[in-house]
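Trainee: Could you walk me through this structure, beginning with one of its charged pairs?
Mentor: Gladly; have a look at it first.

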Amino acid sequence: MTPKKRNAGLKKADLDPLRKALLKLRTEILGAVTQLESEALRGAEDEISVDHMADHGSDSFEQDQTLVLLERESVTIREINAALKRMEDGTYGVCERTGKNIGKPRLRALPYARLCLEAQMEEEAEGGR
């Protein structure tokens, strides 16, 4: 269902703090991503010796976990960018699945939410994200 251009009836006074929250969150995540990337690269550069194979296993596990976190943060950044685009398009705050308004409390808690709470619960029950 394609939502109408209406920003879910949100006024500029509603959108401004949400936009600021999205931009702040994106900046924080980008900083964390930079740090995680340097940790992952540092771990990849370490040399392996036979004496330290167990340490290497631990390091490898930590590097894998760092890569999982990097992917998760990358997804969040894409969601934030999509939310900012929806603000520009006039579709922010409209559930992508039902076309209903996403409640203000949900948007304050998760400003990049694409789905209303009802649709999110349905998607999770169906095995989606």
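Trainee: What do the side chains of Lys100 and Glu118 meet in?
Mentor: In this predicted model, the side chains of Lys100 and Glu118 come together in a salt bridge, at 3.4 Å from N to O; the term stands for a side-chain nitrogen of Lys or Arg within 4 Å of a carboxyl oxygen of Asp or Glu.

Trainee: Where do the two sit?
Mentor: Lys100 belongs to the loop between helix 2 and helix 3, while Glu118 is in helix 4, 18 residues apart, and the pair thus links distant parts of the chain. Helices here are DSSP runs of H or I with at least four residues, strands are E runs of at least two, and both are numbered from the N terminus.

Trainee: Are Lys100 and Glu118 buried or exposed?
Mentor: Neither: Lys100 is partly exposed at a relative accessible area of 43%, and Glu118 is partly exposed at 42%. Buried means under 20% relative accessible area, exposed means over 50%, and partly exposed lies in between, with a 1.4 Å probe and protein chains only.

Trainee: Which residues are joined into one network by salt bridges that share partners?
Mentor: Glu79, Arg86, Glu96 and Arg114 are joined in that way. Within that group, Glu96 and Arg114 form a salt bridge whose closest N and O atoms are 3.1 Å apart. Glu96 lies in the loop between helix 2 (53-89) and helix 3 (104-109), and Arg114 in the loop between helix 3 and helix 4 (117-125), so the pair ties together parts that are 18 residues apart in sequence.

Trainee: And Glu79, is that one buried or exposed?
Mentor: Glu79, which is found in helix 2, is buried, with a relative accessible area of 11%, whereas Glu96 is partly exposed at 32%. The side chains of Glu79 and Arg114 are also joined by a polar contact of 3.3 Å, meaning a pair of N or O atoms within 3.5 Å where, within protein, one must be able to donate a hydrogen and the other to accept it, and where residues adjacent in sequence count only if both atoms are side-chain atoms.

Trainee: How many salt bridges are there by this rule?
Mentor: The count comes to 11 salt bridges. One of them pairs Lys24 with Glu28, the closest N and O atoms being 3.9 Å apart; these two are four residues apart in helix 1 (residues 12-45) and therefore separated by about one helical turn.

Trainee: Switching topic, which residues touch the most other members of the largest nonpolar core?
Mentor: Of its 24 residues, Leu10, Leu22, Ile80, Met87, Tyr92, Cys95 and Leu107 do; such a core is a set of buried Ala, Val, Leu, Ile, Met, Phe, Trp, Tyr and Cys residues joined through side-chain atoms within 4.5 Å. Helix 1 and helix 2 are the elements that give two or more residues to this core.

Trainee: And what does the overall secondary structure come to?
Mentor: The protein has four helices and zero strands, in the pattern α-α-α-α along the sequence, and 29% of its 129 residues count as buried.

Trainee: Anything to keep in mind about how this was worked out?
Mentor: Residues are numbered from 1 along each chain as its sequence is written, and side-chain values use heavy atoms, with hydrogens and water left out. As the model is predicted, local features need pLDDT of at least 70 and side-chain atom pairs count only at pLDDT 80 or more, while totals for chains, interfaces and linings use all residues.
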